[in-house]
Amino acid sequence: MSMVTRAWQALEAHAETLKTTHLRGLFERDPGRAERYRIEAAGWLLDYSKNRIDDRAVALLLDLARAAELEAWRERLFRGERINHTENRAVLHTALRDRSGGVLEVDGRDLLAEVRAERERLYRFAEAVRGGDWRGGTGEPIEDVVNIGIGGSDLGPRMVCEALAPYAEPRLRLHFVANIDGEDIHDVLQRCRPERTLFIVSSKSFTTQETLNNARAARQWFLEQGGREADLAKHFVAVTANNRLATEFGIGREQQFAMWDWVGGRYSLWSSIGLPIVIALGPAGFDALLDGAWAMDRHFREAPLEKNMPVILGLIGVWYNNVLGFQTHAILPYAQRLARLPEYLQQADMESNGKSVDRAGRPVERQTGPVIWGGVGTNAQHAFFQLMHQGTKPIPADFILFRESRAPWPPHQRMLLANALGQMEALMRGKTAEEVRAELAGRGVEGAAAEALLPYLVFEGNKPSNALLAERLEPKTLGALIALYEHKIFVQSVIWNINAYDQWGVEYGKQLARGLLEVLEGRAPAEGYSGSTLALLARLRGD
C-alpha cells in the first residue's frame, strides 16, 4: 500500500469521528481555536477556524501533502521544469512577477531577462498612450482602449481593471469585448470614435475564433468609419506569439507584444496580456500588482506547509471535496469592485482542475475540481444565501473582506463588514430549537403557535467558511490574492495527481463548432451529427 493511499485512508477514518461534531462545539471546547487557525502573508490574513476540521484533520492533510510530494512539485514549478507534460511545457507565470532581479535559466535562455525586456517595451507603449503621445491616423490622442480577447485574454485584465478603477488614468476609457455574439462588440463600438480608439487584439495563436472574428469586425468598422489601411498600425496592437498572422492582419511588428508558450492563458494577466492593466494603472500600478503576487510567491515557496496559506486553503478544499463529499465552493467578495472575481476564479480553477485522468493517463480515483461560483456581498445575501443557510447542500465559502474602503462613506463600510461577519457567524453557529423558542417568546409567540413555526426558524449551522482579510483593495493586495488562488489550484492538482495546465476538453467543442459553422453557412452537408443536433440545425437554417 502506497503512502498516498494510507494517507487517504487515515483521513477518511478520522472524518467518521467528526461527523457528529458541530463547529459551535469546536469553538466552545477550544477557546484558542481562532488564534491557532490563522495565517498572515503578503498583506492578507486567513482565518480558517470556521472549518469542520480539528488538529488531527490538519495533521493528516499535511501527511497527505507530503505523501504526494507537494514540496518537490512546488520546486519543479518554480525551477521551470516541464510539468505541463502533455504539451511538454514549463509553467512559469511566477517568472512574470519575479522581482528578484536575478537569473532563471531554462533551456539555455535567461527567461527573467526576456521578461524584463518585453515589459519595458510594454511600459513605453502604455506611457505613450496614457500621456497622449501615441496618436491615431488623424493626429488625435487615444481616448478609448478596446481589448479584444476571450478566456484568459479577457477575464484577468477585465477583472483587474474593474477592481482597481479608482487607480486608473481618468482620461482613458477601457472596454472589453470577448463574446462572439455580435451584440458585444456592437455595443462597445457605439461608444467609440474611430480616430480616438486603440484596439488590443490578444490571442496567443492569433487563430482564436471569437477573438479573430471580433478583431475583423473592429477592423471593418474602423475602415467604414473613414479610417485608412495605412493607419491600422496606429489603431491596432497585438499580444500574440504568432507574429506572422498579426502582421498579415495589418498590425506592425513594433506594435506586437510577446507571449511565451510557458504561460497559460488563464495565468497570463502578468504578461503582455496585462497591457490594458498597464494602460489603466500605469507602470507603477502594474509594478505594485506584480509586487503583491511576488510576495505571495515567496510565501508559498518558503513557508512550511503548516503555515502556508495556499497549502492550507488547498488542503481544506481537498478535505471537503474528497473526504466529506461537498461538491461546490463559493467565492464571496464583500467589495463591489471585485464583482468579477468569482467569474475569473471559475476559469482559473475549473479549467485547470476539471480533469478525469491523472498524469499517467489513467482514470482518476477521486473527484477533482469542485464547482466554483459565487457573487458579491451584500447582493448575494439577497440572492442565494438562503440555500447556503437552510438548503440541503453544504457549500464551503471564502469571504473576502477589506478593512477600509476608498468610498467617502465609512458607515457603508462598517455595515458591509458587519454583514459579512454576521453571515459567517450564522453559517457556523446555526440556531437551535431552544434559541428559537426563547426568541419567539420574547415576541409573545408561545405554545402551539411557536411549535408550528419552529421547524422553519431552526438553522442547522455547521456550514464552513474561510475569511480572507486585507487592509484595502489596492494593486498590491489584489496581486497577492490572485497569486494565492493560483497556488491553491496547483496544490490541489498535486494532491489529485493531475495536470492543471492543459485544457484539451475545451478544444474538442471548438473543433466541432468549426464543422457546424460550415453547415450553417451552407458550405458542408449536415451529416454525422446526433438527431438532436440535426433537428436544431434544420430549425436554425429555416429548413
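This is a short tour of the model above, moving from the whole chain to a few places worth selecting.

The structure is a predicted model, in which local features need pLDDT of at least 70 and side-chain atom pairs count only at pLDDT 80 or more, while totals for chains, interfaces and linings use all residues. Residues are numbered from 1 along each chain as its sequence is written, and side-chain values use heavy atoms, with hydrogens and water left out.

**The whole chain**

Begin with the complete chain in cartoon view, where the secondary structure comes to 21 helices and 13 strands; these are DSSP runs numbered from the N terminus, with helices (H or I) of at least four residues and strands (E) of at least two. The radius of gyration is 26 Å, close to the 24 Å that the globule rule gives for 543 residues, so the chain is as compact as a globular protein of that length; the radius is taken over C-alpha atoms, and the rule is 2.2 Å times the number of residues to the power 0.38. Along its principal axes, the C-alpha trace spans about 80 × 55 × 55 Å.

If you colour by accessibility, 51% of the 543 residues count as buried, a term that stands for under 20% relative accessible area, with exposed meaning over 50% and partly exposed in between (1.4 Å probe, protein chains only). Among the contacts with a separation of 6 or more, 74% come from residues 24 or more positions apart, a contact being heavy atoms within 4.5 Å.

**Helix 7**

Select residues 155–163 next, which form helix 7, and note that eight of its nine residues are buried. These are Leu 155, Gly 156, Pro 157, Arg 158, Met 159, Val 160, Cys 161 and Ala 163. To see what the buried residues pack against, add strand 6 (173–177), helix 12 (275–302), helix 14 (341–353) and helix 19 (475–496).

**Strands 10 and 11**

Now move to strand 10, residues 328–333, which is mostly covered, with five of its six residues buried. Show strand 11 (residues 371–374) beside it, since the two run parallel and are joined by four bridges; strands pair if DSSP finds at least two bridges between them. One bridge to pick out links Ile 331 with its partner Gly 374 in strand 11.

**Ser 465**

Finish at Ser 465, which lies in strand 13 (residues 465–470). With a relative accessibility of 1%, Ser 465 counts as buried. Leaving aside residues up to four places away in sequence, Ser 465 touches Asp 47, Lys 50, Asn 51, Ala 397, Phe 399 and Met 424.
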